Amino acid sequence: MGRRTQEQRDAMTIEIGYALLSATFAAGLVLGAVSGPALLFDLPLTIEKGLITSGVLLATALFAVRVVTVLVRFGRAAGTHPSHPGRTNPDS
């Protein structure tokens, strides 16, 4: 593959930002939903630790999966555009 145009670099930058922002938001929601009860209610220590640990692990996994999913989808979509805009090519 040759050099990327400024438009392609800008699109990738925006997509990376979107992936990180949406992954952070989703992970925060999961962390709050799973670990929240441990912080709000007076629960036994083992249950509190279990909820907080589960929340952190789930949030971390969700963050990673979301970032990878968004960037892979972007990479596949970027590969479907014709190599010569404006020209019609059956295999592009």
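## Notebook: S22 and the two-helix pair

I started with S22: leaving aside its neighbours within four places in sequence, S22 is in contact with R66 and V70 (contact means heavy atoms within 4.5 Å). Before going on, I noted that this is a predicted model, where local features need pLDDT of at least 70, side-chain atom pairs count only at pLDDT 80 or more, and totals for chains, interfaces and linings use all residues. Residues are numbered from 1 along each chain as its sequence is written, and side-chain values use heavy atoms, with hydrogens and water left out.

**S22, continued.** I placed S22 in helix α1. For helices and strands I go by DSSP runs, numbered from the N terminus: H or I of at least four residues for a helix, E of at least two for a strand. Is S22 buried or exposed? S22 counts as buried, because its relative accessibility is 14%. My cut-offs here are under 20% relative accessible area for buried, over 50% for exposed, and partly exposed in between, with a 1.4 Å probe and protein chains only. I also found a polar contact of 3.1 Å between the side chains of S22 and R66. That term covers a pair of N or O atoms within 3.5 Å; within protein, one must be able to donate a hydrogen and the other to accept it, and residues adjacent in sequence count only if both atoms are side-chain atoms.

**Whole chain.** I looked up the secondary structure and got two helices and zero strands in the protein chain. The chain has 92 residues, and buried ones make up 14% of them. Of the contacts with a separation of 6 or more, 61% come from residues 24 or more positions apart.

**How the helices pack.** Helix α1 spans residues 6–40 and helix α2 residues 45–78; their axes come within 8 Å and cross at roughly 160°. Axes are lines fitted to C-alpha atoms, for helices over the stretch in contact, and angles run from 0 to 180 degrees between N-to-C directions. α1 and α2 are therefore roughly antiparallel to each other, a label used for angles over 145 degrees. I sorted the residues of the contact of α1 with α2 into 26 nonpolar, five polar and three charged. In that scheme Ala, Val, Leu, Ile, Met, Phe, Trp, Tyr, Cys and Pro are nonpolar, Asp, Glu, Lys and Arg are charged, and the others, Gly among them, are polar.

**Other α1 residues.** L20 is in α1 and is partly exposed, at a relative accessible area of 39%. Not counting neighbours within four places in sequence, L20 is in contact with F63 and V67. From L20 to L71 I got 9.9 Å, C-alpha to C-alpha, across 51 residues in sequence.

L31 is in α1 too, and its 33% relative accessibility makes L31 partly exposed. Which residues does L31 touch, not counting those up to four places away in sequence? They are G36, G55, V56 and A59. The C-alpha atoms of L31 and V56 are separated by 6.1 Å, with their positions 25 residues apart along the chain.

**One from α2.** T53 lies in helix α2 and is partly exposed, with a relative accessible area of 44%. A polar atom of the T53 side chain lies 2.8 Å from the backbone oxygen of K49. T53 and V34 are 9.3 Å apart, C-alpha to C-alpha, and 19 residues apart in sequence.

Technical notes
Angles under 35 degrees count as roughly parallel, over 145 as roughly antiparallel, 65 to 115 as roughly perpendicular and the rest as oblique.
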